[in-house]
Every structure is written in structure tokens, then in C-alpha cells.
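Got your viewer open? Get ready to click through a protein with me, one selection at a time.

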Amino acid sequence: MDNLTIGSLSANHKEKNNHESPREIIAEGVRKSTKINDEKTIALLTEQALRADSGTKVKGYDSFLFSIAESLENVRCETSSQNEYFSWIDESNKILKEMNDGIVTDDELRERNHFISMSWQRETELLTCLALYEQSDNPMAKKRYNELRIKLVRLRQIRSALMTNTRSSSDQEKIKAAEQARLRHTIRTLEEMREYDEYGDYNNQALLEHMRQLQISHEKDFEFYKGYSFYTRMLEEQRRSQTEKNSRENFAVLLSEMRHRNESKEDVRERIFRLTGRRLRENSEENVRRVRGNAFDANSYMKLRELRALQNEGD
């Protein structure tokens, strides 16, 4: 693996994990499919979907899990599911051609990275929809499942085409001949992908061989082996996401406790009032001490009286 590939993969490692959790994605699908606005009800239905509990059926078949997946996919792709990944091919080819004009500019790099960032989020959404279709016994679920499975592998192939065949940083240095040749090969391969897929020839062997040459086929990804469960993967992803969230919250609490561990009760009280912008109450210990220190008591009165008597005798 060359430096171009290593740089591209490491630059996007964090982006891969920076996406919505399955729970958040399903909650949006529940809102869209049920038109319910009450967040408590949405949370309950989301938990139901995570348990793969259909809840509602039409003519004996699941309608709940299926409708959530349908709503999510319709919202995300805007047009048809297939047209969305055709647009991915067109957009990625545009980026590849721009980055093959001699140098890599900041604008070209931003466009490339934006596409890659989008692709990680879309992959998470596709994986969640695949899990829901997998658990649904709706007659259309299997068809949708197979369509999304093709879409997932195409998304990975297109993303890899950008990540492994373009520079991951802007550079005014002219692109070398070998890089330009690889870019041209990648562009032609993606154009072939679009042509074959328009005719439904998703397993064209000539196309597969070109992708193998570019090392972007993804044919050996474990998600595409027989018997793989996207639903099990979704549950594992949700557990991982929840664990990370709990860790962040626990760390924040621990950091706060360590920061203020040596404070007295009075220090904590004063800090709270300072943060909230309120003044200390007049009966606080600090104010009592201040009032006592400034008090005009009986001893002070007697001393002042004696002083005045002495002054009168002198007059």
C-alpha cells in the first residue's frame, strides 16, 4: 500500500466513527413513517424497532419495521434509490477529473473530503435499513434488501476510488504520470459501472476485474458473505455507540470532580453563585463576618464618649 493510500485512509479514520447511532437513525424513521411528534412515544417505538418487534401488521405481514426503512431510504435518497448512487458515480467522477488537471487545490480537496464524509454517514444509514428489512417479513422486504445490498457495495467501491486514487492533501506539485494514469483508469471504471448498472448487469465480470486491478472491489468484505446478519451488526453498533456516550459522560463528571476535589463547602458555594451570576445572600457567613467587623458596638461608643469629655475639659 503506497503513501497516497495510507494518507487517505488515516485521514478519514475518525470520520468513519463520527456519525449518528442506529437509535438516532431509527428514531428519525419512526417520526417520518408514523407522523408522531411526541418524543416519549417516538422513544418507545424506537426501542420496539431495535428489538425487531413488528408491532403492526397488514394482511398478516410486518408493516412497522418495513415502513421505517422505507421512510428512511426515501428521505435520504430524495429520488429513487438507484438514482442516488448514480449521482454518487457522477459526482465522484467529476472530483476525479478535477484532481487530474495537474495540481490539487484546496477547493478540490474540500469537495473530495465532503463526499467521503457524506459516504460514511450514508453507509451507517444503509446498514440500519438493511437490518430492518432483514427482520421484516413484508413481501417487499427481500427485494429492498437485495437492492440496498448492491447499493452498499457500490458506495464502498466509489468511496475507495476517491480515497485510494487521489491525494489527501492540497499540493501545488504537478501530479506524476503514474498518478494521472491511475486516475484515468478509475474514471473509466466508474463510467463502466454506471453503464452496466443501468442495464441491471451488477455482476459484470469485466467491471469486477477492473475494480480488482484498482483494489476497490470490496468483494471480500465480510458483510457480503452468505448468512451475514445486518441486524446483529446494528445491535453491536448501537451498544458501541452507547458505551462511547457513557464513557464521555463519565469522563466529564470525573474531570469536574478532580478539578474541584480540594474545594471547601464555602468555596463550592461561592463558585456556584459566581457561575450563576447571583450575589451571596446577606446572611452568608462571609457577610456576617464583614458586618461584625464593621459594627459600632458599646465599647466603641464608650471610647468615643471619653474622648469627647477630654476635649471639653481642654476647652
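Here is a tour that goes from the whole chain to single side chains.

**Before you click**

This is a predicted model, in which local features need pLDDT of at least 70, side-chain atom pairs count only at pLDDT 80 or more, and totals for chains, interfaces and linings use all residues. Residues are numbered from 1 along each chain as its sequence is written, and side-chain values use heavy atoms, leaving out hydrogens and water.

**Stop 1: the whole chain**

Show the cartoon: you'll find 14 helices and 2 strands in the protein chain. Helices (H or I, at least four residues) and strands (E, at least two) are DSSP runs, numbered from the N terminus. Of the 315 residues, 39% count as buried. Buried means under 20% relative accessible area, exposed means over 50%, and partly exposed lies in between (1.4 Å probe, protein chains only).

**Stop 2: colour by confidence**

Now colour by pLDDT, the predictor's confidence in each residue, from 0 to 100. The chain's mean is 81, and 73% of its residues reach 70 or more. Which helix has the lowest confidence, and which the highest? Helix H1 (residues 3-11) is lowest, at a mean of 40, while H10 is highest, at 96. Select residues 1-14 too: pLDDT stays under 50 there.

**Stop 3: the nonpolar core**

Select Ile 26, Ile 68 and Tyr 133. Of the 55 residues in the largest nonpolar core, these three touch the most other members. Such a core is a set of buried Ala, Val, Leu, Ile, Met, Phe, Trp, Tyr and Cys residues joined through side-chain atoms within 4.5 Å. In soluble globular proteins, nonpolar side chains tend to be buried together. Zoom in on Ile 26: beyond its neighbours within four places in sequence, its contacts (heavy atoms within 4.5 Å) include Ile 68, Leu 132 and Met 234.

**Stop 4: Arg 122**

Next, go to helix H7 (residues 106-135) and pick Arg 122. Is Arg 122 buried or exposed? With a relative accessible area of 5%, Arg 122 is buried. Its side chain meets that of Glu 84 in a salt bridge (2.8 Å, N to O). The pair links distant parts of the chain, with Arg 122 in H7 and Glu 84 in helix H6 (residues 81-98), 38 residues apart. A salt bridge is a side-chain nitrogen of Lys or Arg within 4 Å of a carboxyl oxygen of Asp or Glu.

**Stop 5: two more salt bridges**

The structure holds 26 salt bridges, so there's plenty to click on. Try Arg 144 and Glu 70, whose closest N and O atoms are 2.8 Å apart. Arg 144 sits in helix H8 (residues 141-165) and Glu 70 in helix H5 (residues 64-77), 74 residues apart. Arg 144 counts as partly exposed at 23% relative accessibility, whereas Glu 70 is buried at 15%.

Then select Arg 156 and Asp 221, which form a salt bridge at 2.9 Å, N to O. Arg 156 is in H8 and Asp 221 in the loop between H10 and H11, 65 residues apart. Add Glu 123, Arg 159, Glu 223 and Arg 233: salt bridges that share partners join these and the Arg 156 and Asp 221 pair into one network.

**Last stop: Phe 222**

Stay in the loop between helix H10 (205-214) and helix H11 (230-259), and select Phe 222. At 52% relative accessibility, Phe 222 counts as exposed. Leaving aside its neighbours within four places in sequence, Phe 222 is in contact with Tyr 228 and Arg 233.
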